[in-house]
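Me: I want to go through the pockets and the ligand site here, term by term. Please set each value against its definition.

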Amino acid sequence: MTETEMTQEYDAQLMALLEAVWGEGFMSPGGTAEVDRYLDGIDLTGKQVLDIGCGLGGVDLHLVRAHGAARVTGIDVDAALIERARALAQKHDLGKAIDFRGVEPGPLPFDDASFDVVTSKDSIIHIADKHALAADIFRVLRPGGWFVASDWLAGYEGEPSAEMRAYLVAEGLDFGLASAARYREALLAAGFHEIRIFDRNEWYREQARLERERLAVELYDRLADEVGKDFLEHEIEVWDKMIVAVDQAQLCPSHLRAHKPN
Ligand SMILES: C[S@@+](CC[C@H](N)C(=O)[O-])C[C@H]1O[C@@H](n2cnc3c(N)ncnc32)[C@H](O)[C@@H]1O
């Protein structure tokens with residue numbers, strides 16, 4: 001499969017809307033401040049970092065500029081996003097420090113022990129087999145390396161609430177949500193130690209309302225022109241459904257970290 005034949009789940013309209021709400025290069029909430037929070041205490045200076053689901057690349061620019069990573073490899077299954085991420089890195093003169101690569105879903109296409117740190121921001125929600133994912137992350141990490149990420153977790157085991165189901169249907173993205181217990185189990189089975197999962201649901205309850213307000217007021221006219229009024233209205237409805245799911249703690253943005261023993 002060539003890069004242009006790859007998946008494109010996030011279309012141009014959705015990308016434009018997400019970037020307007022979340023900032024240049026970001027398709028997930030909280031921007032660089034949220035990246036700093038989940039990386040708290042992890043030193044990336046001079047390190048080789050893999051970012052799974054790099055999207056538009058905003059996270060990766062930040063890992064080099066603010067955290068001193070020596071080299072970041074950002075991978076994504078969406079060719080259009082990879083192209084835009086490359087352009088963003090060029091624009092900021094970071095093309096040499098960051099390698100954006102289109103990949104197919106499945107095993108990570110890297111040798112064992114290739115990276116000091118594996119990170120991901122709100123992307124592994126799309127990968128349903130958490131055991132295979134955790135084992136593969138463990139494999140590509142060097143001994144002593146860290147997996148440090150943020151992701152959308154399920155606040156339930158088994159079936160979601162009716163409201164959560166309504167949100168998932170409205171969102172229409174290909175989600176492979178898992179609970180904190182399932183992530184913990186997968187990371188443990190892979191061989192990780194020092195597993196920590198930190199629930200950011202309370203933070204996002206407030207944040208999601210601010211985002212919804214910005215879409216409906218401050219950004220409304222600009223986005224109605226850019227993405228069309230119908231699409232914008234649909235996305236505001238998605239936000240309304242998401243806010244209910246977040247309030248019910250069915251949808252829990254969370255920080256995850258785990259250490260590969262030396
Ligand atoms: C919500 S976006 C987050 C992008 C970026 N990390 C950010 O925070 O702005 C999720 C990304 O995961 C990518 N993705 C989905 N399945 C993937 C897979 N199996 N491997 C790598 N990336 C994947 C999507 O194409 C999308 O760019």
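Me: What makes the lining of the second largest pocket four nonpolar, one polar and five charged residues?
Reply: The class rule does. Ala, Val, Leu, Ile, Met, Phe, Trp, Tyr, Cys and Pro count as nonpolar, Asp, Glu, Lys and Arg as charged, and the others, Gly among them, as polar. The lining consists of Arg37, Tyr38, Asp40, Arg196, Ile197, Phe198, Arg200, His255, Leu256 and Arg257. Tyr38 and Phe198 therefore count as nonpolar, and His255 as polar. This is a predicted model: local features need pLDDT of at least 70, side-chain atom pairs count only at pLDDT 80 or more, and totals for chains, interfaces and linings use all residues. Residues are numbered from 1 along each chain as its sequence is written, and side-chain values use heavy atoms, with hydrogens and water left out.

Me: Why is it called a pocket rather than a cavity?
Reply: On a 1 Å grid over the protein atoms alone, a cavity is a set of points where a 1.4 Å probe fits but cannot get out. A pocket is an open set with protein on both sides within 12 Å along at least five of seven lines, and lining residues have an atom within 4 Å of a point.

Me: Which elements supply at least two residues each to the lining of the second largest pocket?
Reply: Helix H2 (31-38), strand E6 (193-199) and strand E7 (251-259). Helices (H or I, at least four residues) and strands (E, at least two) are DSSP runs, numbered from the N terminus.

Me: How much space lies in each pocket?
Reply: About 180 Å³ in the second largest pocket, and about 760 Å³ in the largest pocket. A volume is the space filled by probe spheres set on the points, which are joined across faces, edges and corners.

Me: What lines the largest pocket?
Reply: It has 39 lining residues, with Gly53, Val77, Ser123, His126 and Ile127 nearest its centre. H5 gives the largest share, three residues.

Me: How do you know where the ligand sits?
Reply: It sits in the largest pocket, so more than half of its atoms lie within 2 Å of that pocket's grid points.

Me: What makes Gly53 and Lys121 polar contacts of the ligand?
Reply: A polar contact is a pair of N or O atoms within 3.5 Å. A polar backbone atom of Gly53 is 2.8 Å from a ligand nitrogen. For a backbone N or O atom of Lys121, the distance to a ligand nitrogen is 2.9 Å. Both pairs therefore qualify.

Note on methods: A polar contact is a pair of N or O atoms within 3.5 Å; within protein, one must be able to donate a hydrogen and the other to accept it, and residues adjacent in sequence count only if both atoms are side-chain atoms.
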